[in-house]
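Hi,

Here is the structure I promised to pass on. Have a look, and then read on for what I found in it.

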Amino acid sequence: MLRTFRTVVLTVVIWTCCGPSWALDADREQMKGLDEQVQEVKSDVLGISAELSRLEEKLLYPSNTQVAVFIALAEGDAMRLDAVQVQIDGQLVAHYIYSFKELDALKHGGVQRIYAGNVTTGEHKIDVSVTGKLQGGADYNQAGSFAFQKGVEPKLVGLTLAGPDSGRPAIEIGDW
Amino acid sequence: MPRRAPSRLLAFGLAAVLAAGSASGSDLHDLYFGEALFHADQGHYFDALQRLDTELGQYHGLDEPQYDSLHYHIGAAEFDVGDFELNYRMHHRAGRAIRAVLEGNVDPAVRNEAAFRLARIHFQKDQPEDALHALERIEGEVPDAIADEVKFLRANVYMALGRPADAVEVLADLQRAESLTGFAAYNLGIALLQDGRTPDAIEQLDRAGRVASGERGAEAIRDKANLILGTMLFEAADYQRAYESLDRVRLEGPFSNQALLRAGWAEVSAGNFERALVPWNILAKREVTDSAVQEALLAAPFAYGKLEIHGRAALMYGHALEAYTSELDRVDASIDSIRKGKFLKALLREELKQDRDWVIRLRTLPETPETYYLMALMASHDFQTALSNYLDLEDLRTRLVSWQTNFDAFKDMIELRKQNYDPLLPEVDADFRELDSQIRLRMEQREHLDKRLQGMLTAPRPDYLATADERIVSERLDEIERHLGNSTTPETQALQERVAHVRGALTWRLRTQYHERLTEAHTHLNELSVVIAAMTERYHSLVRTRQAATHSYVGYDVPINQLRRRVGEALQRVNLLMARQGHMLETVAINELKVRRERLDGYQTQARFAVADSYDRAARLQADMRPDGAQTGEVQPDETQPAGVQPGGGQQ
């Protein structure tokens, strides 16, 4: 019995990778069919979402007043970003506290749209303050004030944040 | 099964190696592309896809896309959309996206990468023939970043197709690939095993089991190599080497329980009952839901029995009996709870979604016994897919419900805007018309002046540049001359001379100042242009404002109604699919629990008999040791072995 069992064990270990093999062929087929349908509905909902997003943008942020503020981290920066506060023309428009996952995504080159709103055409002022920690655990606080020009097209304001070791300005504004 | 199972097994390695394949955001030119990466990096693939789909749609709709900021990333974006779809378990769309790149007029390196990605999708979908077909489209230059992965995938495809000899050839070439540390070594061992070269497989798995790496994936695959090697050596009755191999499995890894269990059986098979107790006693203290632990609860007292420590064995059998009874109660409670629908509700708990280790946390929820066994269920790829689909459907459902409420808000907003702008527009239109006529007038004037000045550059006309006063003087002189007529009286002649003198002075002034005045006229013309430009800008601003006002409430009824209908239909489909997917999950979970129940039932019965037997033997041994020296006979080792406990991991 021992020998028979050993053979079974070896086969089980190699072919099923320690998991319960619950699904019979009929179940698997049913599961596959469901999976196909789930894929279809996902595709449909994505389509609806894209259309809805365009409608919302047109309705809520028409291009002649649209302004969007984005946050990026300087490449390879070791600073731990805790929070960012953004004011446009003296009005607080965003105060964001970052989770570990979000910070990770920023460090991997992702860009966060922290604010989308409306301003009139012309000159505006944006104030940014950043709170974080440096590698050694010291607090890191920076603030910057920048002017930007809003035209008739949507305005995208990109803010790149950096720690003191990067050799770049703590807060850099970019035009897109 | 023999075909499907290895591909699933090997996909584990492949997925771990290729998981971090998404584009990075360095040197970013398109913020929205960066935003898609931001979502994708957090696993929010719906948001990432929605963003990237929108961007790509806009890009491809442009007449001159080369001037769009996405143009800098278009190659990465086309690939990423496929990757995101794959991660969002939309294999069909992912395949289509990558096929589009493959069929397009692209660089050979890009085409090769697309072929690789398509092959990966087919492989993950258990379509090894298609995967091989896609791989065969790779020719010429292969990007360095994926060169090893292409070979690794090819080897895995060969194995899935039952061509282990071909896989061995490819994998042998990959043993120094850093990105595949552990995986290439392990897969080579398995390929050799499949090819029937067992001694070579043992040596290769031994190498794979000693690979030095701090990577989590590589450590797990090393453990797995040791576990399989240990089992093979155990099978070959090489117990000492089997034990050594199993001993290399980390105590904290996912294969630890099985390794401890088998290490114990290896020692038992070699007759080392005391040494078998070391791994089994560690194992017996672990989480009792694990099948290896459940077996160890019987195996440890079995070893004590062999060592003739029957009292201790009896106590441990008693403890096992209690544990099995308690587990059976828990399994029954779980089945009951699942039947009441609590399982699906527990899976959707919002706070769990915030936790990376949500499956582990589910075990700690006291009011949801049904989730206690989720870890074991999650080991199945099919269950994982079904569960992920269920969670995705719930996410879609939440979004759709939220959108439905948004439509009402949009309608309100549009109505308010209409009420605000409708009375204002007639006034704006009147301003618009007035400004329009002013601009037209000024533009005509400007055009007339411009033509005249251009003409004067070739045919000078000083009179055109006379001031208003000079024109009056000139006209006055004409009038005086008309009055004087042709009279030749001395008074008249004197007056005519004076008129001629004045006219001469005027002509002199106009001629001598001509160039200066022409320059000045051009300056004035330019000033008029500035005025016209300002008026035109005001005009355009008025047009924009009017358009913006109109666009803020006109033309939304049809799209909103259409979207509302589509959302409603999609919600119905999602609800239906959720019900079916949920039912499937419940059925699977209950079936799995029933299997556990049967096993526990068997263990319980064995434990009951073993308790009684051990007490009996302990009593007899005590009687034998009494001072009167009466002997009752020797204990036969085989009699103490629990009837149904099978060494080496009896879970099926």
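The biggest story is the largest nonpolar core, which has 170 residues in this predicted model. Phe70(A), Ala296(B) and Ala300(B) are the members that touch the most others. The top contributor is helix H27 of chain B (residues 557-624), which gives 16 residues to this core. As for Ala300(B), once you set aside its neighbours within four places in sequence, its contacts are Leu277(B), Trp280(B), Asn281(B), Ala284(B) and Met316(B).

Now the strands of chain A. An open sheet is built from four of them, in the order E3-E2-E5-E6, with antiparallel pairing. Strand E3 (91-97) and strand E6 (139-150) sit at the edges, each pairing on one side only. From one strand to the next, the twist averages 15 degrees. Inside that order, strand E2 (residues 80-88) and strand E5 (residues 122-133) of chain A run antiparallel and are joined by eight bridges. If you want a spot to click on, Gln87(A) is opposite Asp127(A) of E5(A).

There is a parallel pairing in chain A too: strand E1 (residues 66-73) pairs with E7(A) over seven bridges. One place to look is Val67(A), whose bridge partner in E7(A) is Lys155(A). Strand E7 of chain A (residues 155-161) is mostly covered, with six of its seven residues buried.

E1 and E7 come up again when you turn to helix H2 of chain B (residues 31-41). Eleven of its eleven residues are buried, so H2(B) is largely enclosed by the rest of the structure. The buried set includes Leu31(B), Tyr32(B), Phe33(B), Leu37(B) and Phe38(B), but also Glu35(B), His39(B) and Asp41(B). What covers them? From chain A, the cover includes E1, helix H3 (100-107), strand E4 (112-118) and E7; from chain B, it includes helix H3 (45-60) and helix H4 (74-87). Just after H2(B) comes Gly43(B), with a positive phi of about 85 degrees.

Helix H24 of chain B (residues 468-484) makes a good contrast. It is hardly covered: among its 17 residues, the count of buried ones is zero. The geometry checks out as well, because 17 residues at 1.5 Å a residue should span 24 Å, and the end C-alpha atoms of H24(B) are 24 Å apart. A glycine follows here too: Gly485(B), just after H24(B), takes a positive phi of about 60 degrees.

One more residue from chain B: is Thr519(B) buried or exposed? Thr519(B) belongs to helix H26 (residues 514-551) of chain B, and it counts as exposed because just 10 other C-beta atoms lie within 10 Å, where the cut-off for exposed is 12 or fewer. Leu453(B) is 66 residues away from Thr519(B) in sequence, yet their C-alpha atoms are 9.8 Å apart in space.

On chain B as a whole, the secondary structure is 28 helices and zero strands. Of its 652 residues, 37% are buried. Among the chain B contacts with a separation of 6 or more, 64% are between residues 24 or more positions apart.

Finally, a word on confidence. Chain A has a mean pLDDT of 84, and 85% of its residues reach 70 or more. The part to be careful with is residues 1-23 of chain A, where pLDDT stays under 50; the model has 41 contacts beyond four places in sequence for that stretch. Where pLDDT is low, the predicted coordinates should not be read in detail.

Cheers

Technical notes:
Residues are numbered from 1 along each chain as its sequence is written. Chains are lettered from A and ligands numbered from 1 in the order in which they are written. This is a predicted model: local features need pLDDT of at least 70, side-chain atom pairs count only at pLDDT 80 or more; totals for chains, interfaces and linings use all residues. A nonpolar core is a set of buried Ala, Val, Leu, Ile, Met, Phe, Trp, Tyr and Cys residues joined through C-beta atoms within 7 Å. A residue is buried if 20 or more other C-beta atoms lie within 10 Å of its own, exposed if 12 or fewer, and partly exposed in between; C-beta atoms are placed from the backbone. Helices (H or I, at least four residues) and strands (E, at least two) are DSSP runs, numbered from the N terminus. Two residues are in contact if their C-beta atoms, placed from the backbone, lie within 7 Å. Two strands pair if DSSP finds at least two bridges between them. Axes are lines fitted to C-alpha atoms, for helices over the stretch in contact, and angles run from 0 to 180 degrees between N-to-C directions. The expected span of a helix is 1.5 Å times one less than its number of residues. pLDDT is the predictor's confidence in each residue, from 0 to 100.
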